[in-house]
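Trainee: I would like to go through the reasoning behind a few structural labels. Please show me the model.

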Amino acid sequence: MTATEAPPAAALPADPPVHKPSVRKRLVPYWLLLPGILWLLVFFVLPMVYQASTSVQTGSLEEGFKVTWHFQTYWDAFTEYYPQFLRSLLYAGTATALCLLLGYPLAYLIAFKAGRWRNLLLILVIAPFFTSFLIRTLAWKTILADSGPVVGVLNSVGFLDVTSWLGMTQGDRVLATPLAVVCGLTYNFLPFMILPLYTSLERIDTRLHEAAGDLYARPSTTFRRVTFPLSMPGVVSGTLLTFIPASGDYVNAELLGSTDTRMIGNVIQSQYLRILDYPTAAALSFILMAIVLIMVTIYIRRAGTEDLV
Amino acid sequence: MGALVGWFRRNFVVIAGLGTLAYLILPNVVVTVFSFNNPTGRFNYAWQEFSLDAWKDPCGVADMCGSLSLSLQIALWATIGATVLGTMIAFAMVRYRFRSRGAINSLIFLPMAMPEIVMAASLLALFLNMGIQLGFWTILIAHVMFCLSFVVAAVKARVLSMDPRLEEAARDLYAGPVQTFLRVTLPIAAPGIAAGALLSFALSFDDFIITNFNSGNTVTFPMFVWGSAQRGTPVQINVIGTAMFVIAVLVVLAGQLVSNRRKKQQH
């Protein structure tokens, strides 16, 4: 693409001065950036502005909405729907923690122990992506069916007693409970945790493990003091890639949950597409964005990884 | 008992890792198995009996294959758009120093750091306010927008790890800028561009949330599946899901074989 923008070579016999590139040459990066950045400005930034203006409008669908700087909508929306906000953060947080717990061993296995199976395992992590995630989420309805084998086993080993004590399930069913929603969220975002973890683990020089062993560190100490700290970039980007989309998700809560497990995404979706209360919907989505951005900023500061991309 | 515990501790990573892998693959297995089901009701959630009907007639459900081809078209155009725009941005970001680089960097990063529903809703706010008819074009616009950042990230990673001396060497050997770009830069950046394009295709093809907000009455494949969750899921959905999985695995395996053979030839 640089080719088309670059001036024709050797148009003038005289050598151009090296230190002062021509104006045309200095404009090359701007020409390269222009279309993409324009796209983002018009279809990402401008929409935010429109949504901001929508959030301070009042009116009705019949009479039309007008900007009245009615900031009260934010407060009303938050106080009415704070249980759904809390639930979203709780579910997304739990799913993220589970993703880290489940994803780490697999990433570790692929990075250090898989040998010649490494590529096959990576393919098996990525391949489910290609079956539409909605189809796979619907499959969980079958897996977690009330009289199915999974629920039977969980019930007989007393797992469901623990989860119902935690308020994650009711009685001896899993479907339509918070557990099902968290299970779906964990499943859906697990690859987004495994891949960054794998990338950062793979970069670790295995001689560091040997060195730790030579210094009489036990395997668990090696992991705690060497491997895990070095994998922090992967942990940070993995948790972000899991938590952010999970907090705004409404598919799992809709397909696997019940009205008691509605997340804030479900509220925004129905406000925008069914109830058509645009100002409330806009305010809710800005509150969600603010909460997520604040949490992410604090998290990145504390985790100490500034350059992620 | 002690031996068993010891064995378990030594192989903990392998056991836990394979357990997670099983968790990841389980739904795909269920999708495949239930593509051979012959359900009695409208919903395909409980096993009844073996049948090949759905495989013999995958397009036998009204509108399903139409939605599938629409999704493929949108994914194709969105991939082309996002890959071209994203690659241009990535080259500009890596190769040139200019003002407001930081601001542009965050502008590109932001769409990835935001819940999808926020972008989906804000785009809808734009289209509603401007009175734009929702449909094919609004979906395409949205898909190019959110795929763009992923392409930039993929291409940037590749171009950053590329040795700039290779280009200098080409210039020293009297290659013009066009020649240098086509013969040196582009081939080296190609895997990054391909990764970005593949990612865009997968993201666009499978996107639900942004499409749900901005599609109006247009039905893409994910929208069809979503609707079927309420109306009743035809077995053919599982057939498509299985086929997608198998095709993806075959494509990736073929790619592996090709790159292995190339590596062998080089040695």
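Mentor: This is a predicted model, and the questions below take up one helix pair and one chain interface.

Trainee: Why is H11(A) called oblique to H12(A)?

Mentor: Helix H11 (residues 219–230) of chain A packs against helix H12 (residues 232–247) of chain A at an angle of about 55°. Roughly parallel requires under 35 degrees, and roughly perpendicular runs from 65 to 115. The angle of about 55° fits neither range, so H11(A) is oblique to H12(A). Their axes are 4 Å apart.

Trainee: Which residues make the contact of these two helices?

Mentor: H11(A) contributes A:Phe228, A:Pro229 and A:Leu230, while H12(A) contributes A:Met232, A:Pro233 and A:Val235.

Trainee: What is the division of the residues in the contact of H11(A) with H12(A) into nonpolar, polar and charged?

Mentor: Six are nonpolar, with no polar and no charged residues. Phe, Pro, Leu, Met and Val count as nonpolar, so the names listed for the contact of H11(A) with H12(A) give that division.

Trainee: How much area do chain A and chain B bury between them?

Mentor: About 7600 Å², with 81% of it on carbon and sulfur atoms. In that interface, 81 residues of chain A are in contact with 80 residues of chain B.

Trainee: How many salt bridges and polar contacts are there between chain A and chain B?

Mentor: The salt bridge count is zero, whereas 14 residue pairs are in polar contact. On the side of chain A that touches chain B, helix H3 (residues 28–55) of chain A gives the most, with 22 residues. That side divides into 61 nonpolar, 15 polar and five charged residues.

Conventions
Residues numbered from 1 in each chain as written. Chains lettered and ligands numbered in written order. Predicted model: local features only at pLDDT ≥ 70, side-chain atom pairs only at ≥ 80, totals over all residues. Heavy atoms only, no water. Axes fitted to C-alpha atoms, helices over the stretch in contact; angles between N-to-C directions. Parallel < 35°, antiparallel > 145°, perpendicular 65-115°, else oblique. Contact = heavy atoms within 4.5 Å. Buried area = accessible area lost by both parts, 1.4 Å probe. Salt bridge = Lys/Arg side-chain N within 4 Å of Asp/Glu carboxyl O. Polar contact = N/O pair within 3.5 Å; in protein donor to acceptor, adjacent residues only side chain to side chain.
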